[in-house]
Amino acid sequence: MEEEPPWKKLKLSLERPYKDDNGEPLPELLDITPDGQHIYRPREDPTSVVGTKLRRIFAERGHDFFDAYRGSRSLPAPQATGATAPDESAADSEKPNESSHTMTPEELYKMRMSLLPQLYIAFGEMCQARDLLTLLLSSSLSSQPSSLPPAPLAATIVDKPSPILSVRAFDAQLTIGGKDKALRAAADLFKDAAEKIEDSRVAGERYWMDALKIRRGNWGLIPAPLPLGSATGKGADKTSKDFLISYGLEESPVVFRRRAIGHMASANDGSVKNPLEFPLRQKTRLRVSLARTLPDGTRRTCHSHLAKPDDNSLDGALRAAQAEVVEQEIFSSLIKEASGLPTASAEVSERLIIIDAAQSTELRFELIDADVATQVHDGLEDPVCDLIYSALHVLLLRAHSISKVQRLSKTSISRSTAAQPAAQPPPLLQPIIDVLQYQEFWERVGDEINRVATALRDAGVSARVHYNPVADSGEALVASLGHEKTNPLGGEVLLRIDDRHTLRFTTSSPSTLTAHLPQATLPVASISQLTQLLVDEISSRLLHRICSIGTDRCEKVNGTWFVDLLSGRCVGRWEGCVL
């Protein structure tokens, strides 16, 4: 059985104090004058009180009170034994008549009214006799002369032995200690109750101050549902008594909007450290990882940087919870799109998505715990991962904006005759895959062009290469994200040979390469085709350069130089000689 709490064991003495600390009787206060003077009840002498009551007996009942009722309290006189038989027979004949008689209510009432005064008189006499006897026994025989007959009562006076001083002191200490302990316990009980009331008041004020701060921060406040068991019938008060905080995005699916709901901690609980509560918060973060295989065979992995949220303030706690819900929505959209990627393969699990974005690039999206996300990880930090992480948020907002425009257009006044099918929201994952493939494509094209330019420099021919992977400005790229359809990225490469000839190539994401030649514009479908095109164009440029040099040198001998396109050779003739 569990032990009862201390406040249940507390017992307070309800006995009215009648003596002060010095042992003197406490006077009874009757009134207080306007001057502040206390008026106490005068103390009455027991002897005078008994005398007054005795005088009242003789004044109210008469001086012959005891003589008048002496015959009524005496025993009846005995009858003579020689009673006649006729009297007995007459009495016997009257008994059946008396036993058979039944008293009526009127007779009973008369008998009651006749008996009650005599009973009250007897009761008063007994009380007076008891008080007189008590007074006589308590008074000293030597101090007051007795007017009673000699030895009417046999009484023995016994004095109570005085207690031992140490025992009396110990009893007094026990009594005082018990009273002090009870008073201290009662004081502690009232003190705790007062502290709880004060804490409740402070918590209530803090509750509404925090609510005003949240409203001032433009966070959504919605009415809270009625408590369970509330009346919902006709005429019932359905006014909400509290509110909820909605921190989800406006165009998010219903499942994420329901998950993005929090509420203030109870105003009666002042011990809560965090004033906000998120019952459906999962505390997961989205981490973007890139794994690249370098030419030497080593594998390099980098992750996006996840900053630690500031949960100490109201606005910081709401922003952290909102970031988690938005990242969960992004991850859900990525799972839906990963199964239908046209240019990449993907592996999808509950909290991990692995995509082979390019030939040597692996892209990962992972939902990890918020506590682990802020810890130091083994991988390196890459700006590309942070760019992908931020771009996903921008693409999600673009999808929400387009969905809102479509939703508002459906609710317009002018309705079309034929119902238009619901348009699919713009993708989130495909633009990211296109950018990664475009980066990988540019690296391969750049390596091939750099190899050709290095070979020309080694041969003594000047060669310069100018790369511009992204031809558009940053403002144009950001503005393109607001459109329903994302424009592909484009760039160009210029190869300057011998400061005379120029080869120009244009690119478009994800892997489109076009060669702009003087005689034609050719699409390049593979790296081998690009290599062959570079060899042919550079060879042609070099042969023309050789022809120009030969013409200058053989001008005195009337030499002729030309390029044979079929054989791919440069031919020179002068004075019967052919080179």
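**Notebook: cores, a sheet and salt bridges**

I looked for the largest nonpolar core and found 32 residues in it, with I355, L363, F365 and I388 making the most contacts inside. I am working from a predicted model. I then asked which elements feed this core. Strand 7 (284–293), helix 8 (314–338), strand 10 (352–356), strand 11 (361–369), helix 10 (383–410) and helix 11 (429–458) each give at least two residues. Helix 10 supplies the largest share, 7 residues.

I picked F365 for a closer look. Leaving aside neighbours within four places in sequence, I listed its contacts, among them L286, V288, F331, L334, I355, I388, L392 and L429. R287 and R351 are also on the F365 contact list. I noted a second, separate core of 24 residues, which includes V452, L489, L495 and L517.

**The sheet**

Next I traced an open sheet of 5 strands. Its order is 13-14-15-16-17, and the pairing is antiparallel. Which strands stand at the edges? I found strand 13 (463–468) and strand 17 (521–524) there; each has a single partner strand, so one side of each has no neighbour in the sheet. Neighbouring strands are turned by 20 degrees against each other on average, direction ignored.

I checked one pair in detail. Strand 15 (residues 501–508) and strand 16 (residues 512–516) run antiparallel and pair over 5 bridges. Here T507 stands opposite L513 in strand 16. I also looked at what packs on the sheet. Helix 11 does, touching strand 13, strand 14 (490–497), strand 15 and strand 16. The direction of helix 11 makes about 170 degrees with that of strand 13.

**Salt bridges**

I counted 16 salt bridges in the structure. I looked up three pairs.

R56 bridges to E60, with the closest N and O atoms 3.3 Å apart. Both sit in helix 2 (residues 46–61); they are 4 residues apart, so about one helical turn separates them. R56 is partly exposed at 49% relative accessible area. E60 is exposed at 52%, because the cut-off for exposed is over 50%.

E327 and R285 form a salt bridge at 3.0 Å, N to O. This pair links distant parts of the chain: E327 is in helix 8 and R285 is in strand 7, 42 residues apart. Are they buried or exposed? Both E327 and R285 are buried.

R451 and E448 meet at 2.3 Å, N to O. Both lie in helix 11, 3 residues apart, about one turn of the helix. R451 is partly exposed at 48% relative accessibility, whereas E448 is buried at 10%. Last, I noted that E198, R201 and E205 are joined into one network by salt bridges that share partners.

Key: Residues are numbered from 1 along each chain as its sequence is written. This is a predicted model: local features need pLDDT of at least 70, side-chain atom pairs count only at pLDDT 80 or more; totals for chains, interfaces and linings use all residues. Side-chain values use heavy atoms; hydrogens and water are left out. A nonpolar core is a set of buried Ala, Val, Leu, Ile, Met, Phe, Trp, Tyr and Cys residues joined through side-chain atoms within 4.5 Å. Buried means under 20% relative accessible area, exposed over 50%, partly exposed in between (1.4 Å probe, protein chains only). Contact means heavy atoms within 4.5 Å. Two strands pair if DSSP finds at least two bridges between them. Axes are lines fitted to C-alpha atoms, for helices over the stretch in contact, and angles run from 0 to 180 degrees between N-to-C directions. A salt bridge is a side-chain nitrogen of Lys or Arg within 4 Å of a carboxyl oxygen of Asp or Glu.
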